[in-house]
Structures are given as C-alpha cells and as structure tokens.
Amino acid sequence: MACLITEASSDIELWESKSKTPYIVGVFASAEVKNANGRRYRKDILDREVEKFIDEKVNTKTSWGELSHPESSEINLDRASILIEELEWKGDNVYGKAKILSTPMGNIVSSLVREGNIGISSRGLGTVNESGYVNEDFSLL
C-alpha cells in the first residue's frame, strides 16, 4: 500500500532578486544517498518524477509549497508559502529556486529564513522496500 513519503533538507539559503523578491535556493532533493529518514531514491526514479513535476507543476506555475509538514497528500492553498520556479540536477542533487510568497504563511517563512535556519521538504506517495529504497511506484507531489 502506498503511503505519504516526506523528506527534509536544510541545505538552503535566502536569496533576493534585484526587485527584492525573496527566494529560497539550495538542495531540494538527493538521489542515491540515505537521507535523514533512512530512505534512498534511485536517481532514475527521482529523475522521472522531477521531470514530471517540472512539466506538470513548475511550467504551469502550480508548484505551490506549504508551511510545515502536512499529513495529507493534498496541497492546502491556505498554507501556501512558496512557489517553486526552477529545479535542476547537479550531480546527485536536485537544486531548486522557490519564490517566497507574500501570503501569511510566506511571510512567516521569510522571517524564519532571515532570522535562522529553515529547511525545504518534499512530499510524495509510494512504498519503500526492505533496503530503504523508494520503489518504482513513487510519485512526487
């Protein structure tokens, strides 16, 4: 049975555009390494899902991110805080750039990033095998 799979990375930093729009940039996902949750993603599976996410979400400007770690696979737009604008591979890491929105939750993210350290988290559905690898049925949300 597929379950909700969430991962976190704190390898991000604040970046501001010339127009003073705040962004977070950094590692959004990694392949072929055991993460903090003890899971591993094969690069071919993660690449497939990242490309699908870019096509279906980033390119259509519907790649919303929420504040906190929701328990559901559904995006709650009342909690929208970022809009992912770019994802690209550098080695086994997926680097991203996300605009911090001027929503109530986005304002909280902006303050937290300016004042301390905050991470980025991914969410997907799938199963994990005995070795800790996410299976072929994984779908990045």
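This tour moves through a predicted model, one selection at a time.

**The aromatic pair**

Begin by selecting Tyr41 and Phe138, which form an aromatic pair in an edge-to-face arrangement, with 5.2 Å from centre to centre and 65° between the planes. The count for the structure comes to 1 aromatic pair. The two residues are 97 residues apart and belong to distant parts of the chain, Tyr41 lying in the loop between strand S3 (22-30) and helix H1 (43-58), and Phe138 in the loop between strand S7 (120-126) and strand S8 (139-140). Both side chains can be followed inward: Tyr41 counts as buried at 6% relative accessibility, and Phe138 is buried as well, with a relative accessible area of 4%.

**Helix H1 and its charges**

Next, select Lys52 and Glu49, whose side chains meet in a salt bridge with an N to O distance of 3.4 Å. Because they are 3 residues apart in helix H1, about one helical turn separates them. Their surroundings can be compared by colouring for accessibility, since Glu49 counts as buried at 3%, whereas Lys52 counts as partly exposed at 32%. A search of the whole structure finds 9 salt bridges.

**Strands S5 and S6**

Now move to Lys99 and Glu85, a salt bridge in which the closest N and O atoms are 3.8 Å apart. This pair links distant parts of the chain, with Lys99 in strand S6 (residues 93-100) and Glu85 in strand S5, 14 residues apart. Lys99 is partly exposed at 26% relative accessibility, and Glu85 is partly exposed at 29%.

Keep these strands in view and add Lys97 and Glu86, which form a salt bridge with their closest N and O atoms 3.9 Å apart. Lys97 lies in strand S6 and Glu86 in strand S5, so the pair ties together parts that are 11 residues apart in sequence. Lys97 counts as buried at 17% relative accessibility, while Glu86 counts as partly exposed at 43%.

With those residues displayed, extend the selection to Arg42, Asp44, Arg48, Glu49, Lys52 and Glu136, which are joined into one network by salt bridges that share partners.

**Lysines over rings**

Return to Lys97 and add Tyr23: Lys97 lies over the face of that ring, at 4.5 Å from the ring centre. Then select Lys90 with Tyr95, where Lys90 lies over the ring face at 4.8 Å from the centre.

**A nonpolar patch**

Finish on the surface with Trp64, Ile75 and Leu77, which form a nonpolar patch with about 260 Å² of accessible area together. Ile75 is found in the loop between strand S4 (64-66) and strand S5 (80-90), and is partly exposed, with a relative accessible area of 34%.

Key
Residues are numbered from 1 along each chain as its sequence is written. This is a predicted model: local features need pLDDT of at least 70, side-chain atom pairs count only at pLDDT 80 or more; totals for chains, interfaces and linings use all residues. Side-chain values use heavy atoms; hydrogens and water are left out. Rings of Phe, Tyr and Trp (its six-membered ring) pair if their centres lie within 6.5 Å; planes under 30 degrees apart count as stacked, over 60 as edge-to-face and the rest as tilted. Helices (H or I, at least four residues) and strands (E, at least two) are DSSP runs, numbered from the N terminus. Buried means under 20% relative accessible area, exposed over 50%, partly exposed in between (1.4 Å probe, protein chains only). A charge sits over a ring if NZ of Lys or CZ of Arg is within 6 Å of the ring centre and within 35 degrees of the ring normal. Patches are made of residues with over 30% relative accessible area and no salt bridge: like charges are joined within 9 Å, nonpolar side chains (Val, Leu, Ile, Met, Phe, Trp, Tyr) within 5 Å. Accessible areas come from the Shrake-Rupley method with a 1.4 Å probe; for residues, only the protein chains shown count as cover. A salt bridge is a side-chain nitrogen of Lys or Arg within 4 Å of a carboxyl oxygen of Asp or Glu.
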